[in-house]
Amino acid sequence: MDLNYTPEEKSFRQEVQIFLKENYPAYLQDKVAKGVALKKEDYVHWQKTLYEKGWVAPGWPVEYGGTGWTPVQKYIFEEECGAANCLRLTSFGLVMIAPVLLKYGTEEQKQKYLPGILSSDTWWTQGYSEPNAGSDLASLQTRAEKQGDYYLINGSKTWTTHGHYGDMMFALVRTSKEDKKQKGISFILFDMKSSGVSVEPIITIDGLHVVNQVFLDDVKVPIENLIGVEGEGWSIAKYLLQHERTNIAQVPRSKKQIERLKLLAEKEIHNGKSLLLDPFFRAKISEVEVELMALEMTSLRALSKVSVGESSSMTSSLLKVKGTEVQQKITALLMEAVGYFSLPYFNGVLMDGWQDGTPVGPEEAAFLAPHYFDWRKTSIYGGSNEIQKNIVAKVVLGL
Amino acid sequence: MNLELTEEQCMLQDILSRFLSDQYTFDQRQKLSQQGIGYSEQNWQNFAELGLLGIPFEEQYGGFNFGATGLMIVMDAIGKGLVVEPYLSTVVLGGQLIQKAGSEAQKLDLIPQLIEGKLKLAFAYIERQSRYELSNVSLKAERQADSFFLTGSKSVVFNAETADKIIVTVRTSGNNRDKNGISLFLLDKGALGVSMKNYHTVDGLRASELFFDQVEVSHDAIIGELDAAYPIVEQIIDGASAAICAEAVGVISQLREKTVEYLKIRKQFSRPLSDFQVLQHRAVDMFMAEEQMRSLSYLANIKIDGGSRSEQIRAISAAKVYLGDSRSVVGEQAIQLHGGVGVTDELDVAHYYKRLTMLNNLFGDRDFHLERFGQVELV
């Protein structure tokens, strides 16, 4: 049992640190640190930088543009990105559809789509949830009828993150009605610019536009856009859920947020002393830190299992549940730390920061309550925490 | 970075699990706990033969030098079996105090005897008013020529009744709560002027109140330097804290396993309890707490073997906080999910729960460690 890194791993960490220092722009660091909303060009800029370095897709096979890193190296990279306030690349292309294409796609499909994903020239969105299919995803109703050499798609997808930027969508659609709802679902790709696709914004609890509802009205999709076998989409969807989950706990990001919380609390005065010295507030910070420390170690245990070639899928639900609980607790403490200044709401500031240089209260304060509210989503998306518990009950405990 | 058990740890684990399944059923444990000296001398000799008593000691004294991560494996099994033999008192506390602070002569004399199962120790450091504060030592020593005369009392001293020697924290200078001026004395059990009130603990172990009335001890009985024992006591208690966190992992794993099994077999409303989602999710909460606790136990014990002092304190206190939380998340929940049978003396689950609950109250409880955790970086 050894928590130390090898000399090679240590020098790799240094290489990553130097690269980030030289190439990750200060304005993005500032935006991420404060929580200013990120724009499409922000994502594209950073993804292009990583692309040129060859570090954009650590999870891919080397021949398609992967890095060839070990699981530990990937973890180190994530740690350093978290510590440097790097923005998280959108996952829909790089870590969701790409692994599906690599496993189930034809050679043509791989050639056609993978390069655009890598270079961020194609923006992908996810078409899973529907207004009546959330946790019970298999009850989805969007239909795809085969008519000659195309499918005709009708229905609606929702919670579509960045749908308004989207070039392509990967979607689960019903191609036939069978005795079991998991059967008859197919995995298909289509162009978001196709006629019949319309994207309507959904304004979330923080007042911002990130997610959308997508309406599909007689959308014609060529049959070569089907992935794998017709009716076998559910097993593809399940494969996608299992992929690349070692960083699911978001430990590096939460460590950075704890650091931020302490800096913020140190400057706030409570009963004549720094808020950080208040025993009650201090205890609340410590409670989250303890959970995070455990979570980091659980992540490392999962990583160690992967490194010796064993599966760690049993812990990914645990990491998701505990990881989101920690993140949510931190957002609450950040908000509590600024007291009254959690109240003033400035939509424009959330989008662009304090442009006039005269913030109301501490400069970060305006972001904290909206973030707290927005972060409720983390225990809902990606399989709600209750669904994760169902999975553990069934798969791990045999209940 | 590798967190898999080493080959040595795996072997140790095998030996222990064979011992538990062959010779340590719950019924056997209950009999031992309730009768006679409260444990089995035969088991203790078996421990010696299996090499378990030498785990943390250096090779030159006959030990294996497996460190805290070695002790972790033993303590996990002690938790799983609710073992009542005085391992914590003799090996983890007493033996390690001698190894850390003793003179070469003391080590050569005592540690090999301990490893062979011929010497049992107890550590007396708690007083009526001390709670968890280790510098709160008022048992006094008066010096006369080459002797010291000890007067005062110690509380909740585990396994004092059966120990051959007792290590006592003594105020040799300064005032109560001063970190300076505390010394360690090694006393023979039958020393003149020592009297004891022996009792059972609520979780099936044995402990005593010790009273010292002008007990004469020679200068040779001091372990380590006069007046300078505090940092040693603190480190040994930290090591013991990490050890009982490993014990807690063993206890928790049994509470979780037994509860999950019970949910599968107990039927109400014509179906097994495991069909009810509200109960499934509680079982999952127990499982998650178990894994997180195991992680923190690993971290605390790894840091004892090779971490800075502040890393050690953070990791140990974090693990102790989690242990405290698991009392309700795992312990109380296990009882609740067993229903009425959970509060009977007959059921092993009740006894695992009691042990888990008492582990929180050893070496500083959840709140003590939460405060300590937060203060490390402020100092």
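Buried area is the accessible area, taken with a 1.4 Å probe, that two parts lose on being put together, summed over both. The structure discussed here is a predicted model, and by that definition chain B and chain A bury about 3900 Å² between them, with 68% given by carbon and sulfur atoms.

**The interface of chain B and chain A**

Chain B brings 42 residues into this contact and chain A brings 41 residues. On the chain B side, Met1(B), Glu4(B) and Met288(B) lose the most area to chain A, and together they account for 21% of what that side buries. The interface holds five salt bridges. One of the pairs in salt-bridge contact is Glu291(B) with Arg301(A), whose closest N and O atoms are 2.7 Å apart. In addition, 19 residue pairs are in polar contact between chain B and chain A, both residues of each pair having pLDDT 80 or more.

Several helices of chain B supply two or more residues to the side that touches chain A: H4 (67–81), H7 (230–265), H8 (277–306), H9 (309–338) and H11 (366–375). Of these elements, H8(B) gives the most, with 17 residues. By class, the residues of this side of chain B are 21 nonpolar, eleven polar and ten charged.

**Domains within each chain**

Chain A is assigned domain 1 (7–89), domain 2 (123–231) and domain 3 (245–396). For chain B the assignment gives domain 1 (7–119), domain 2 (122–228) and domain 3 (231–378). The table lists values for the interface of domain 2 and domain 3 in each chain.

| Domain pair | C-alpha centre separation | Buried area | Share on carbon and sulfur atoms |
|---|---|---|---|
| Domain 2 and domain 3 of chain A | 31 Å | about 570 Å² | 63% |
| Domain 2 and domain 3 of chain B | 30 Å | about 1200 Å² | 72% |

In chain A, the contact takes five residues from domain 2 and nine residues from domain 3. Ile205(A), Asp206(A) and Leu208(A) of domain 2 lose the most area to domain 3 of chain A, together 71% of what the domain 2 side buries. Zero salt bridges are found across this interface of chain A, whereas two residue pairs are in polar contact, both at pLDDT 80 or more. The side of domain 2 of chain A that touches domain 3 of chain A comprises two nonpolar, two polar and one charged residues.

In chain B, twelve residues from domain 2 and 14 residues from domain 3 take part in the contact. Tyr132(B), Leu134(B) and Asp203(B) supply 47% of the area that domain 2 of chain B buries against domain 3 of chain B, more than any other three residues. Two salt bridges cross this interface of chain B. Asp203(B) also meets Arg355(B) through their side chains in a salt bridge, at 2.6 Å from N to O. Two residue pairs are in polar contact across the interface of domain 2 and domain 3 of chain B, both at pLDDT 80 or more. The side of domain 2 of chain B that touches domain 3 of chain B has nine nonpolar, one polar and two charged residues.

**A hairpin in chain B**

Strand S2 (residues 140–144) and strand S3 (residues 147–158) of chain B run antiparallel and are joined by five bridges. Gln144(B) stands opposite Ser147(B) in S3(B). The hairpin has two residues between the strands, and Ala145(B) takes a positive phi near 55° there.

Notes: Residues numbered from 1 in each chain as written. Chains lettered and ligands numbered in written order. Predicted model: local features only at pLDDT ≥ 70, side-chain atom pairs only at ≥ 80, totals over all residues. Heavy atoms only, no water. Domains from an automatic or database assignment. Contact = heavy atoms within 4.5 Å. Salt bridge = Lys/Arg side-chain N within 4 Å of Asp/Glu carboxyl O. Polar contact = N/O pair within 3.5 Å; in protein donor to acceptor, adjacent residues only side chain to side chain. Nonpolar A, V, L, I, M, F, W, Y, C, P; charged D, E, K, R; others polar. Helix = DSSP H or I, 4+ residues; strand = E, 2+ residues; numbered from the N terminus. Pairing = 2+ DSSP bridges.
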